[in-house]
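Student: I'd like to practise reading a model feature by feature. Could you walk me through this one, starting with a pocket?

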Amino acid sequence: MSVLPRARQESLIVKDLTDEVVIYDLQSNQAHCLNQSSAIIWKSCDGRTTVASARRTLERELNTPVSDEVVWLALEQLKKFDLLAEDFHRPREIERVQRRAVLRNLGIAALAIPAIISLSAPTAQAQGSCRPRDAACTFDADCCSGNCRGNNLCA
């Protein structure tokens with residue numbers, strides 16, 4: 001019986017949306033959008049839930065049959081994006097899960113395929129520079145001082 005690893009919680013900002021979860025990683029400055037399947041598996045990662053139990057939860061939430069391969073694929077993706085607090089070990093009889101193989105085997109239940117979209121956020125220095133005193137401005141945010149005066153010059 002395989003148990004899911006614990007999900008990483010530290011240095012993350014998590015926002016639940018209708019059918020997905022957006023996670024901003026404060027350490028890597030990356031935003032990760034987990035589709036419904038990936039989000040269900042990530043939320044199940046508590047160090048106690050079994051793969052079979054997570055699969056049943058996924059089936060119930062998505063209202064479609066899924067295989068354990070879907071759970072393993074989600075775990076691989078969560079590991080890749082550093083969203084797990086601990087490593088996991090697949091049983092020897094289960095090879096590394098390939099997304100294409102899972103898609104081929106699922107057919108109509110392909111909506112259950114876990115997916116994570118990841119974007120890197122630019123650092124504050126990469127955002128651009130502010131304008132110095134007496135430079136032309138339109139908005140307060142244009143100016144280093146945060147004050148665009150009425151004469152459209154930075155204070």
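Tutor: Sure. In the largest pocket, α1 supplies the biggest share of the lining, four residues. Keep in mind as we go that this is a predicted model.

Student: Which elements give two or more residues to the lining of the largest pocket?

Tutor: Those are β2, α1 and α2. The full lining consists of Asp 16, Leu 17, Thr 18, Asp 19, Glu 20, Val 21, Gln 36, Ala 39, Ile 40, Lys 43, Thr 57 and Glu 61. Sorted by class, that comes to five charged, four nonpolar and three polar residues. As for volume, the largest pocket holds about 160 Å³.

Student: Let me pick one of the lining residues, Ala 39. Is Ala 39 buried or exposed?

Tutor: Buried: its relative accessibility is 5%, and the cut-off for that label is under 20%. Ala 39 belongs to helix α1. Setting aside neighbours within four places in sequence, Ala 39 contacts Val 21 and Leu 34. Here's a distance to check on your screen: the C-alpha atoms of Ala 39 and Glu 20 are 6.3 Å apart, although 19 residues separate the two in sequence.

Student: Why is α1 described as largely enclosed by the rest of the structure?

Tutor: Because seven of its nine residues are buried. They are Ser 37, Ser 38, Ala 39, Ile 40, Ile 41, Trp 42 and Ser 44. Then look at what surrounds them: the buried residues of α1 pack against β1 (12-16), β2, β3 (30-35), α2, α3 and β4 (116-120).

Student: Can we step back to the whole chain for a second? How many helices and strands are there?

Tutor: Four helices and four strands. Reading from the N terminus, the order is β-β-β-α-α-α-α-β. The protein chain has 155 residues, and 37% of them are buried. Among contacts with a separation of 6 or more, 51% link residues 24 or more positions apart.

Student: Now the core. What's the general idea there?

Tutor: In soluble globular proteins, nonpolar side chains tend to be buried together. In this model, the largest nonpolar core has 27 residues, and the ones touching the most other members are Leu 34, Ile 41, Trp 42, Cys 45, Leu 75, Leu 78 and Leu 83. Two or more core residues come from each of β2 (20-25), α1 (36-44), α2 (51-62) and α3 (68-80). The biggest contributor is α3, with six residues.

Student: What is Leu 78 in contact with, leaving aside its neighbours within four places in sequence?

Tutor: Leu 78 contacts Leu 34, Ile 41, Trp 42, Cys 45, Leu 83, Leu 84 and Ile 116.

Student: And how do I read an aromatic pair?

Tutor: A pair of aromatic rings is described by the distance of the centres and the angle of the planes. There is one such pair here. The ring centres of Trp 72 and Phe 88 are 6.1 Å apart and the planes meet at 40°, so this pair is tilted. Trp 72 sits in helix α3 and Phe 88 in the loop between α3 and α4 (99-106), so the pair ties together parts 16 residues apart in sequence.

Student: Are those two residues buried or exposed?

Tutor: Trp 72 is buried, at 2% relative accessible area. Phe 88 also counts as buried, with 8% relative accessibility.

Student: What about loops? Where does Thr 49 lie?

Tutor: Thr 49 is in the loop between α1 and α2. With a relative accessible area of 16%, Thr 49 is buried. Not counting residues up to four places away, Thr 49 touches Ser 2, Val 3, Leu 4, Ser 44 and Ala 54.

Student: Last one: how should I think about backbone phi?

Tutor: Most residues other than glycine have a negative phi, and most peptide bonds are trans. Ser 11 isn't a glycine, yet its phi is positive, about 60°. You'll find Ser 11 in the segment before β1, and its 30% relative accessibility makes it partly exposed. Asp 134 is another non-glycine residue with a positive phi, near 70°. Asp 134 falls in the segment after β4 and counts as partly exposed, at 46% relative accessibility.

How values were computed: Residues are numbered from 1 along each chain as its sequence is written. This is a predicted model: local features need pLDDT of at least 70, side-chain atom pairs count only at pLDDT 80 or more; totals for chains, interfaces and linings use all residues. Side-chain values use heavy atoms; hydrogens and water are left out. A nonpolar core is a set of buried Ala, Val, Leu, Ile, Met, Phe, Trp, Tyr and Cys residues joined through side-chain atoms within 4.5 Å. Buried means under 20% relative accessible area, exposed over 50%, partly exposed in between (1.4 Å probe, protein chains only). Contact means heavy atoms within 4.5 Å. On a 1 Å grid over the protein atoms alone, a cavity is a set of points where a 1.4 Å probe fits but cannot get out, and a pocket is an open set with protein on both sides within 12 Å along at least five of seven lines; lining residues have an atom within 4 Å of a point. Grid points are joined across faces, edges and corners, and a volume is the space filled by probe spheres set on the points. Ala, Val, Leu, Ile, Met, Phe, Trp, Tyr, Cys and Pro count as nonpolar, Asp, Glu, Lys and Arg as charged, and the others, Gly among them, as polar. Rings of Phe, Tyr and Trp (its six-membered ring) pair if their centres lie within 6.5 Å; planes under 30 degrees apart count as stacked, over 60 as edge-to-face and the rest as tilted.
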